[in-house]
Amino acid sequence: MNRASSIAILALLATLGIGLTWLAQHSGAPRIAAEQRQIDSRNLLDLLPAGSYDNQPLEQPLRLENTTLGASTLLAGYRATRAGQTQAVLLRSQTVGYAGAIDLLIAIDANGRLTGVKTLKQTETPGLGARIAGWPNAWLQQFSGKSRTDPDDKGWALNKDQGQFDQIAGATITSRAVINATHDALRYFDEHRQQLLGSASHE
């Protein structure tokens with residue numbers, strides 16, 4: 001076999017390999033994307049009680065207005081419904097902790113009470129502020145059932161600031177940031193209740 005034939009065969013094999021790789025990637029892309037959506041869905045929606053909704057909240061994002069709040073910024077919002085009635089609103093919030101941005105998911109039921117708060121991203125100090133990352137999270141669970149007025153505005157603070165919430169030991173700045181962002185989300189919900197719940201809910 002001469003050199004030209006060898007080069008031609010190698011070029012053909014390389015082209016065939018590239019083609020097969022491209023075909024495998026593109027034929028598997030929809031399945032991979034669907035699996036990633038399921039993972040994202042489980043990760044984001046596990047704040048909601050099982051069976052409490054029958055739609056796909058992440059596929060129907062809400063339009064949010066005036067999303068720069070007092071101590072945080074809202075990045076996204078989703079509505080969970082059952083039989084067409086809104087059961088909860090999920091607000092993705094970003095605030096600044098001790099070491100950088102903290103992304104939270106805050107679930108509020110149709111009556112304005114917190115279903116739960118979950119940390120999605122954080123870069124806080126390991127062993128201190130980073131303890132907000134675990135799920136389920138005992139410290140974040142203290143917010144469940146609370147609302148904008150329960151406690152009142154002064155109560156939405158750390159005990160050391162004359163408020164009603166414990167802090168993560170050694171992580172005052174992180175704790176304050178999460179409390180303030182959660183309170184921001186509750187205020188936003190109250191001020192935009194009709195828009196967030198939709199006209200079909202609680203008429």
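Asp 184 is a good place to start: at 3% relative accessibility, this acidic residue counts as buried, because the cut-off for buried is under 20%. The model is a predicted one, so everything here is read off computed coordinates. Asp 184 has a charged partner, forming a salt bridge with Arg 187 in which the closest N and O atoms are 2.4 Å apart. The two residues sit 3 places from each other in helix H2, which means that about one helical turn separates them. Arg 187 itself is partly exposed, with a relative accessible area of 24%.

Now step back to the whole chain. It has 3 helices and 4 strands, and from the N terminus on these elements run α-β-β-β-β-α-α. The 4 strands make up an open sheet, ordered E1-E2-E3-E4, with antiparallel pairing. Strand E1 (73-82) and E4 stand at the edges with a single partner strand each, so one side of each has no neighbour in the sheet. Going from one strand to the next, the twist averages 20°.

Inside the sheet, E2 and E3 run antiparallel and are joined by 9 bridges. To pick out one residue pair, Ala 88 has Asp 109 as its bridge partner in E3. Strand E3 also holds Asp 103, another acidic residue that counts as buried, at 6% relative accessibility. What does Asp 103 touch, not counting residues up to four places away in sequence? The list is Leu 75, Arg 92, Ser 93, Gln 94, Lys 118, Thr 119, Leu 120 and Lys 121.

Back to helix H2, and how it is placed on the sheet. H2 lies across E1, E2, E3 and E4, and it runs at about 40° to E3.

That brings us to the nonpolar core. In soluble globular proteins, nonpolar side chains tend to be buried together. Here the largest nonpolar core has 31 residues, and those with the most contacts inside it are Leu 91, Leu 114, Trp 139 and Phe 143. Two or more residues each come from strand E2 (85-96), strand E3 (101-109), strand E4 (114-121), helix H2 (172-191) and helix H3 (193-197). Which element gives the most to this core? The answer is H2, with 7 residues.

Phe 143 shows how the pieces come together. Leaving aside its neighbours within four places in sequence, Phe 143 is in contact with Leu 114, Val 117, Trp 156, Phe 165, Val 178 and Ile 179. There is also a second, separate core of 11 residues, which includes Leu 44, Leu 48, Leu 105 and Ala 107.

Next, the charged pairs. The count of salt bridges comes to 7, including the Asp 184 and Arg 187 pair from the start. While that pair stays within helix H2, others reach further along the sequence. In one of these, Arg 113 forms a salt bridge with Asp 150, with the closest N and O atoms 3.1 Å apart. This pair links distant parts of the chain, 37 residues apart: Arg 113 is in the loop between E3 and E4, and Asp 150 is in the loop between E4 and H2. Are these two residues buried or partly exposed? Arg 113 counts as partly exposed at 33% relative accessibility, and Asp 150 is partly exposed too, with a relative accessible area of 31%.

Another salt bridge brings together the side chains of Glu 191 and Arg 148, at 3.8 Å from N to O. Glu 191 lies in helix H2 and Arg 148 in the loop between E4 and H2, so this pair ties together parts that are 43 residues apart in sequence. Glu 191 counts as exposed at 53% relative accessibility, whereas Arg 148 counts as partly exposed at 22%.

Finally, some totals for the chain. Buried residues make up 39% of its 203 residues. Of the contacts with a separation of 6 or more, 51% are between residues 24 or more positions apart. As for the surface, the chain exposes about 11400 Å², and carbon and sulfur atoms supply 53% of that area.

Technical notes: Residues are numbered from 1 along each chain as its sequence is written. This is a predicted model: local features need pLDDT of at least 70, side-chain atom pairs count only at pLDDT 80 or more; totals for chains, interfaces and linings use all residues. Side-chain values use heavy atoms; hydrogens and water are left out. A nonpolar core is a set of buried Ala, Val, Leu, Ile, Met, Phe, Trp, Tyr and Cys residues joined through side-chain atoms within 4.5 Å. Buried means under 20% relative accessible area, exposed over 50%, partly exposed in between (1.4 Å probe, protein chains only). Contact means heavy atoms within 4.5 Å. A salt bridge is a side-chain nitrogen of Lys or Arg within 4 Å of a carboxyl oxygen of Asp or Glu. Two strands pair if DSSP finds at least two bridges between them. Axes are lines fitted to C-alpha atoms, for helices over the stretch in contact, and angles run from 0 to 180 degrees between N-to-C directions. Accessible areas come from the Shrake-Rupley method with a 1.4 Å probe; for residues, only the protein chains shown count as cover.
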